Amino acid sequence: MQIVSNFTNADLSAFYFDISKDCLYVGAADDLQRRSTQTALFHILVDYTTALAPVACHLAEEVWEFFGPTRRALGKTTDSVFQESWDQTRSEWNNPELAADWTALRKLRSVANRSIEAARTARHIGSSLEAELDVYVPLNTRLGQLLTKYSKWQTCDHNNVLWAKYVLTFCFAFWEPCVESELCKVCITSKVNVHEVGGVETDGFACEERIAAFDTETPVRVVSRRSSLHKCPRCWNFHSTEESSLCGRCDDVVARQQ
């Protein structure tokens, strides 16, 4: 139970749920990333309910009954959680390479958070969304290539998931990129730029660390500064070119709803 509790607090609540709120709250109803996140959340709920059923039987039954309409629509038609198999995971969800990528990204997020906190302490920013990050890393390393990949608007191949040791792989198996850099979502900032280490640095609040990932240590320096753009009144990201105006993404979503 302690392992489950730690995973709930550290991996789901403090990380996956945190970085998923933007697309769930702001994205269009049929947005691919929003739908893929909902799919991941459904599988997480099913796995949690069946896994906890032997030790929290009444709670598990109440949860199973509560989301009955949704699970029945998605093929889970049993009347009781105890009619389901205990292990709902699939072998094809095991992707150690993808899990290693996200482990490295979480370490980068930790460095970024310290840089952002320094800027917040100095009252240069309020929330992390006010920050723009510049990340300096050797681009020829695997970590540098990973950060470059996630800093661009491109499709990433997230096809596999795993529940326990590589559990974050599970969360991101259904992750589909949006029009923003994925590093923005990981760090919960409005913009992230990736540069070659040793280049001309911008002014700001710096934090550096050697990140242990992919069987090596890679030096990373993160500099945070206040974004030059304006806050979007709908999503609160600093993506708007004019004050009190919607950013491009929100403008598109609102237009499609009319």
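User: At what angle do the axes of helix 2 and helix 3 cross?

Analyst: In this predicted model, the axes of helix 2 (residues 32–52) and helix 3 (residues 57–66) cross at roughly 150° and come within 8 Å. Angles over 145 degrees count as roughly antiparallel, so helix 2 is roughly antiparallel to helix 3.

User: Left-handed or right-handed crossing?

Analyst: Helix 2 passes helix 3 in a left-handed crossing.

User: Which residues meet there?

Analyst: From helix 2, Leu45, Val46, Thr49, Thr50 and Leu52; they meet Cys57, Ala60, Val63 and Trp64 of helix 3. By class, this contact of helix 2 with helix 3 has seven nonpolar residues, two polar and no charged ones.

User: Switching to the sheet. What is the strand order?

Analyst: The order is 2-1-4-3, in an open sheet of four strands with mixed pairing.

User: Which strands stand at the edges?

Analyst: Strand 2 (191–196) and strand 3 (205–213). Each has a single partner strand, so one side of each is left without a neighbour in the sheet. On average, neighbouring strands of this sheet are turned by 25° against each other, direction ignored.

User: How many bridges join strand 1 to strand 2?

Analyst: Six, and strand 1 (residues 131–137) and strand 2 run parallel.

User: And what stands opposite Asp134?

Analyst: Asn193, in strand 2.

User: Which helix packs on the sheet?

Analyst: Helix 5 (residues 96–121) does, touching strand 1, strand 3 and strand 4 (216–226). The direction of helix 5 makes about 165° with that of strand 3.

How values were computed. Residues are numbered from 1 along each chain as its sequence is written. This is a predicted model: local features need pLDDT of at least 70, side-chain atom pairs count only at pLDDT 80 or more; totals for chains, interfaces and linings use all residues. Side-chain values use heavy atoms; hydrogens and water are left out. Axes are lines fitted to C-alpha atoms, for helices over the stretch in contact, and angles run from 0 to 180 degrees between N-to-C directions. Helices (H or I, at least four residues) and strands (E, at least two) are DSSP runs, numbered from the N terminus. Angles under 35 degrees count as roughly parallel, over 145 as roughly antiparallel, 65 to 115 as roughly perpendicular and the rest as oblique. A crossing is left-handed if the near helix is turned anticlockwise from the far one by less than a right angle, and right-handed if clockwise. Contact means heavy atoms within 4.5 Å. Ala, Val, Leu, Ile, Met, Phe, Trp, Tyr, Cys and Pro count as nonpolar, Asp, Glu, Lys and Arg as charged, and the others, Gly among them, as polar. Two strands pair if DSSP finds at least two bridges between them.
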